[in-house]
Amino acid sequence: MCGIVGHVASTPSQRSREVVLAGLARLEYRGYDSAGVALVDADSLHVHKAVGKLANLVDLLDTAEVAPALSGIGHTRWATHGRPTTANAHPHTSMDGRFALVHNGIIENADALREKLRGEGVVLASETDTEVLVHMLARAVDDPQVPAWEGDVAGIAPQHHDTARAMVGAMRHVAGRIDGTFTLLLVCADAPDVVVAARRSSPLVVGLGQGENFLGSDVLAFVEHTSTAVEIGQDQFVAVTATAVTVVDADGSVIASPKTYEVDFASDRATKDGWPTFMEKEIHEQPRGVADTLADRLDSLGHLTLDEVRIPEHVLRTIDKMVIVGCGTASYAGQVARYAIEHWCRIPVEVELAHEFRYRDPVVTEKTLVVAISQSGETMDTIMAIRHAREQGAKVVAVVNTPGSTISRESDAVLLTHAGPEIAVASTKAFTSQVTACFILGLYLAQVRGNKYVDEIQDYLEKLGKLPDQIQHVLDGGETVRQAARVMKDATSVIYLGRHVGFPVAMEGALKLKEICYIHAEGFAAGELKHGPIALIDEGQPVIIIVPTPRRPELHNKVVSNIQEVRARGARTIVVAEEGDSSADEFAEIVFRVPPTPTLYAPLLTVVPLQIFACELATVKGLDVDQPRNLAKSVTVE
Ligand code: M6R
């Protein structure tokens, strides 16, 4: 939620403006209510802001006179405190206009701080929680009672050194007085060659360039300029100049060798690359996402490996329960995974929405393995869930798509989904790569715990290895789905039904329709139909049903009966069924076919038509497919 970008150059130019705007464009998925930049030239600071999409800010800057700058910061907003107005847009400035600040997060004690500032004569220009911080920072820099940081800010012009140290000192001072979560980037007209930043429970990464450096909410902000990133830890501060990065710990000591990592996102994977929308592109990237997540998982002895495991095998053998936490699509991926992991490993698996987990006082011990699933790795609800789990002694495995993200750093083991950057707010390739990664985790546990022999695991993997081609096959038949979406474009409510692994797929299909088509949709367990939901069926009610393979008659036959039941009550039925299974054809208005695959793997195929359906329906309704109203890609506040 909210994207922030920073840049520092060696010489004044338009580079900071270009880098910041390009970075904001890549981060726009994190919020698109308003956007703004602050550019610092030799001795003054210029702020430009616009309500609405980033394009409005770009238009504004195209007509403005923008002086060559040494540094810049930018922000794309998802409104929390205060409506999307120009006054509430970031950056916020100090009363004297010398300081500008962007913020991602929520300041919980903003009201009390605002009252205190007002009492001291500060005039606030916005309704935001952020603005109080810029006033506090400006006052702290000038306050002789607030000690400047005593270390050296590397790479800064000597005449700006004192200001930069005062900025770091002010950041430390203010951070100690605020409750909540934040990533802050601060610039000052008196030290144009530095951006000072801080983070607590919100994301911040620094990109290392040649004679320039970058800051961003995530690596996408600068991935087209550098692939080397520095991790900024919890409660750390950083002073970034064009040639150096000084990371300072909460106690004021310099971190001598901050951890760097290489970003493996090719920058072209974060562009539309000729597709009309990111969502469509990402739906079509699923064969690659699944293949890349599966790639190189076997060692020379044929044993399955994960990416980073800091949990000894003997500990994994003592695990007596697993809890999978995540939100939205990630949670549905976890629900699919439960069927496989319980079946392969014989461990009880609970799946819990991350935001509910810690509030119900869950039974979690040192023998509990918690799996946190998150595309962004920055979802605050999931972060809080894993912190709670670790406090109870549980081990945490992160299934994340973003290397270096908070969830990956705060976990005991990491299994990366190699889906590449997902930009569309509606998750698609994240889901299929998360399910794939969870299958790998399940097989890994089965291997470590001795539930399956090496050859059995290889057999499961081999069958999984066929999925990318099968997904491609479903994509190739996408036109039938698109036609169905066009037929259903005036639907006001759609019901999805699935049984067994088809149930979470039904919920995922419904979520896609809600979030990008603004159509009321619900996914039900097909077995639940006669316990209530069938009362919703009326003449013309669209119902999408996921039919299990006929090779599992105990599942299949019941769902075919459900189709007849809703059809008999006037429903318009759209069926997702296996190739060669014609048992539902006579009760179905439209049938989407998927290739035969093992039951547990079927969600990787059956979800695809549902994604295409929602994407096409939003398109024909003329809606913004990639940036639906009220949403942001990463929910970085609770
Ligand atoms: O980044 P995460 O995977 O943690 O995000 C979790 C959910 O916010 C996310 O899946 C959301 O539900 C998607 N917009 C659904 O398409």
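1. A polar contact, as the term is used here, is a pair of N or O atoms within 3.5 Å, where one must be able to donate a hydrogen and the other to accept it. With that in hand, look at His90, whose side chain makes a polar contact of 3.5 Å with the side chain of Thr130. Please keep in mind throughout that this is a predicted model.

2. Where does His90 lie? His90 sits in the loop between β4 (69–77) and β5 (92–93). Despite that loop position, His90 is buried, because its relative accessible area is 4% and the cut-off for buried is under 20%.

3. The surroundings of His90 are worth a look on your screen. Apart from neighbours within four places in sequence, His90 is in contact with Ala35, Gly36, Lys49, His75, Arg77, Leu101, Val102, His103 and Thr130. Thr130 is thus both on this contact list and the polar partner of the His90 side chain.

4. The backbone just after His90 also deserves a check. The peptide bond that joins His90 and Pro91 is cis, with omega at about 0 degrees. Pro91, like His90, belongs to the loop between β4 and β5.

5. Next, Arg26, which has its place in helix α1 (residues 15–27). Is Arg26 buried or exposed? Arg26 has a relative accessible area of 11%, so the residue counts as buried. Its side chain is joined to that of Glu224 by a polar contact of 3.2 Å. Arg26 also has Asp218 at 9.7 Å, C-alpha to C-alpha, although 192 residues separate the two along the chain.

6. Two aspartates have a positive phi, and you may like to inspect both. Asp235 has phi near 60 degrees and is found in the loop between β11 (228–231) and β12 (236–240). Asp361 has phi near 55 degrees and lies in the loop between α10 (354–357) and β18 (368–374). In each case the value is positive in a residue other than glycine. Their exposure is classed separately: Asp235 is partly exposed because its relative accessibility is 25%, whereas Asp361 is exposed, with 62%.

7. Phe524 is in strand β22 (residues 520–525). It is buried, since its relative accessibility is 17% and buried means under 20%. Which residues does Phe524 touch, leaving aside neighbours within four places in sequence? They are Ile495, Tyr496, Leu497, Gly498, Phe503, Ala506, Pro533 and Leu536. For Gly498, 26 residues away in sequence, the C-alpha to C-alpha separation from Phe524 is 6.6 Å.

8. Now for the chain as a whole. Its secondary structure comes to 19 helices and 25 strands. The radius of gyration is 26 Å, close to the 26 Å that the globule rule gives for 638 residues, so the chain is as compact as a globular protein of that length. Along the principal axes, the C-alpha trace spans about 80 × 55 × 45 Å.

9. On packing, 63% of the 638 residues count as buried. Taking contacts between residues at least 6 apart in sequence, 72% join residues at least 24 apart. The contact of Phe524 with Gly498 spans 26 residues.

10. Last, the surface and the charges. About 22700 Å² of the chain is accessible, and carbon and sulfur atoms account for 49% of that surface. The chain has 58 positive and 83 negative charges, and their mean positions are 4 Å apart.

Methods
Residues numbered from 1 in each chain as written. Predicted model: local features only at pLDDT ≥ 70, side-chain atom pairs only at ≥ 80, totals over all residues. Heavy atoms only, no water. Helix = DSSP H or I, 4+ residues; strand = E, 2+ residues; numbered from the N terminus. Buried < 20%, exposed > 50% of the residue type's maximum accessible area, 1.4 Å probe, protein only. Rg over C-alpha atoms; globule rule 2.2 N^0.38 Å. Contact = heavy atoms within 4.5 Å. Areas by Shrake-Rupley, 256 points an atom, 1.4 Å probe, with all protein chains shown as cover. Lys, Arg positive; Asp, Glu negative; His and termini not counted. Charge placed at Lys NZ, Arg CZ, Asp CG, Glu CD.
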